[in-house]
Amino acid sequence: MSSLTRTLSRTLSRTVVRAPLSRPLPSLQPILPSLSQRRNASSKHPKGFTPPSQSDLAELRERVQDFVRREIPEEVAAATDKSNNFPADMWQKLGDAGLLGITADEDVGGLGMGYQAHCVVMEELSRASGSIALSYAAHSQLCVNQLQLNGTAEQKARFLPDLIAGRKVGALAMSESGSGSDVVSMRTRAVETEGGFLLTGSKMWITNGPDADLIIVYAKTKPDAGSKGITAFIVDTRAEGSKGFAVLRKLDKMGMRGSNTGELVFDNVFVPHSHVLGPVNGGVRVLMEGLDLERLVLSAGPLGLMQAALDVALPYAHSRKQFGTPIGQFQFIQGKLADMYTKLQASRSYTYATARAVDEDGVIRTHDCAGAILYAAERATECALDCIQILGGMGYTEDMPASRILRDAKLYEIGAGTSEVRRMVIGRAFNREYAHLSQ
Ligand SMILES: Cc1cc2nc3c(=O)[nH]c(=O)nc-3n(C[C@H](O)[C@H](O)[C@H](O)COP(=O)(O)OP(=O)(O)OC[C@H]3O[C@@H](n4cnc5c(N)ncnc54)[C@H](O)[C@@H]3O)c2cc1C
């Protein structure tokens with residue numbers, strides 16, 4: 001045991017006394033930085049946060065790789081894709097490993113390790129299975145981190161421990177069949193009634209929707225007020241008042257199969273006042289504030305998929321012989337491998353530099369959060385196509401994971417905002433910066 005780990009273990013025993021958790025400590029907690037070193041890097045981090053060192057992050061990566069070797073071997077990834085079913089016991093396993101509350105407060109069971117750490121976990125899970133990782137991110141970033149950032153102390157104490165332990169599944173529902181990129185045009189309504197609100201409408205493409213116990217749902221509370229009339233609600237799908245909630249259907253997708261995606265219906269679902277997340281009519285701020293960090297953490301998904309493509313292509317290219325020579329020694333194939341590697345490393349540098357600026361300097365730059373996922377997502381699709389080409393006929397079969405990697409990678413050019421919208425977001429950020437020159 002290193003002296004760092006010993007210090008961290010002592011730190012932990014102090015943390016446990018403060019944290020009345022009803023579950024064993026997550027196995028990753030011993031790499032928390034010591035309390036004495038902590039500072040608050042930004043309003044997006046737990047109080048007392050200290051950025052993890054690069055060696056903490058390397059240790060975290062090794063632990064996630066161990067987890068993946070044990071729990072998400074290729075057979076599990078392939079079966080998840082084929083069956084289009086999320087392995088339900090994975091939530092508990094992710095919770096036991098401490099992976100579901102990477103950015104959340106320690107006193108509700110989180111690790112408080114920040115966004116670089118969350119990217120590390122997301123990258124390594126995606127390397128094993130794009131779809132399990134996507135569901136993971138919908139739970140740990142879109143739901144858990146949104147509650148962490150916007151929940152009251154009571155809401156966090158009530159909802160986060162079960163989500164972080166993997167006893168409950170989380171989701172976030174913003175998109176509707178008629179409003180995807182133009183999310184503010186949503187039609188789901190919430191009308192105030194005694195003790196709370198009644199929600200009516202439907203939501204489309206909701207990751208984890210078919211399994212979710214808790215969903216953060218955006219609805220119009222002042223339909224004529226545009227972006228100033230939307231509120232975020234925490235919907236407990238198992239509550240008495242949620243009888244009007246239903247999963248209309250689970251979607252049959254080309255990729256990310258097994259990350260259960262659903263169309264959801266809300267018919268006069270009662271949500272008590274205590275479940276309003278953030279201010280009434282202040283939902284767009286809740287939504288937009290979450291989007292930068294959501295884009296950043298999700299940009300690690302394509303990184304894992306690019307690494308997965310190299311994991312398949314490199315050994316294949318060096319063992320497959322044609323014309324008496326390993327195909328990896330032909331210059332056309334070498335060029336593809338070199339391009340794949342370079343795209344991965346460039347994308348990785350962009351994501352982690354952006355995450356480090358968030359953790360260490362408290363700087364969240366919209367251009368870079370959108371830029372990191374825009375760049376990585378498009379490169380991942382290219383790498384997956386190159387991987388298929390390197391594998392030749394085997395790449396075109398479902399016997400190898402190459403086609404799954406391609407089908408999963410394509411999602412990142414669409415989900416969590418399309419490539420076009422990301423370019424628009426970056427362009428608009430520049431328009432704001434240079435507005436004084438257009439007067
Ligand atoms: C697998 C999956 C999981 C998802 N998970 C979730 C989830 O958990 N929660 C959730 O709320 N949503 C989720 N979504 C929805 C996702 O965020 C939307 O699909 C996405 O924002 C795009 O919206 P849309 O599908 O309506 O496309 P549209 O908005 O109809 O866009 C269609 C095309 O038009 C382009 N376009 C639109 N507007 C412009 C413009 N102004 N300028 C230029 N081009 C434009 C788009 O880029 C795209 O190419 C998920 C989607 C998928 C596929």
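The shell around the ligand is made up of 13 nonpolar, eight polar and two charged residues; here Ala, Val, Leu, Ile, Met, Phe, Trp, Tyr, Cys and Pro count as nonpolar, Asp, Glu, Lys and Arg as charged, and the others, Gly among them, as polar. The structure is a predicted model, in which local features need pLDDT of at least 70 and side-chain atom pairs count only at pLDDT 80 or more, while totals for chains, interfaces and linings use all residues. Residues are numbered from 1 along each chain as its sequence is written. In total, 23 residues surround the ligand, and the closest are Met174, Gly180, Ser181, Thr418 and Glu420; a residue is near a molecule if its C-beta atom, placed from the backbone, lies within 6 Å of it. At least two residues of this shell come from each of β1 (170-173), β3 (196-207) and α13 (419-433). Helices (H or I, at least four residues) and strands (E, at least two) are DSSP runs, numbered from the N terminus.

The wider layout helps to place the ligand. The protein is divided into domain 1 (3-169), domain 2 (172-285) and domain 3 (299-438), with bounds from an automatic or database domain assignment. Because domain 2 and domain 3 both give residues to the shell, the ligand lies between them. The C-alpha centres of domain 2 and domain 3 are 31 Å apart. Four residues from domain 2 and six residues from domain 3 take part in their contact, where two residues count if their C-beta atoms, placed from the backbone, lie within 7 Å. On the domain 2 side, the touching residues are two nonpolar and two polar, with no charged ones.

UniProt lists, as an unreviewed entry, "domain: Acyl-CoA oxidase/dehydrogenase middle" at residues 171-269. Annotations of this kind may be inferred rather than shown by experiment, and their positions follow the numbering used here, with feature names shortened. The span 171-269 is 0% helix and 49% strand, and its end C-alpha atoms lie 17 Å apart.

Turning to helix α3 (residues 74-83), Ala77, Thr80 and Asp81 are buried, meaning that 20 or more other C-beta atoms lie within 10 Å of their own, against 12 or fewer for exposed residues and a count in between for partly exposed ones, with C-beta atoms placed from the backbone. Seen down the helix axis, the buried residues fall within an arc of 95 degrees (taken from the directions from the axis to the C-beta atoms), so they line one face of α3. Glu75, Lys82 and Ser83, on the other side of α3, are exposed. The cover over the buried residues includes α5 (115-128), α6 (130-150) and α12 (402-411).
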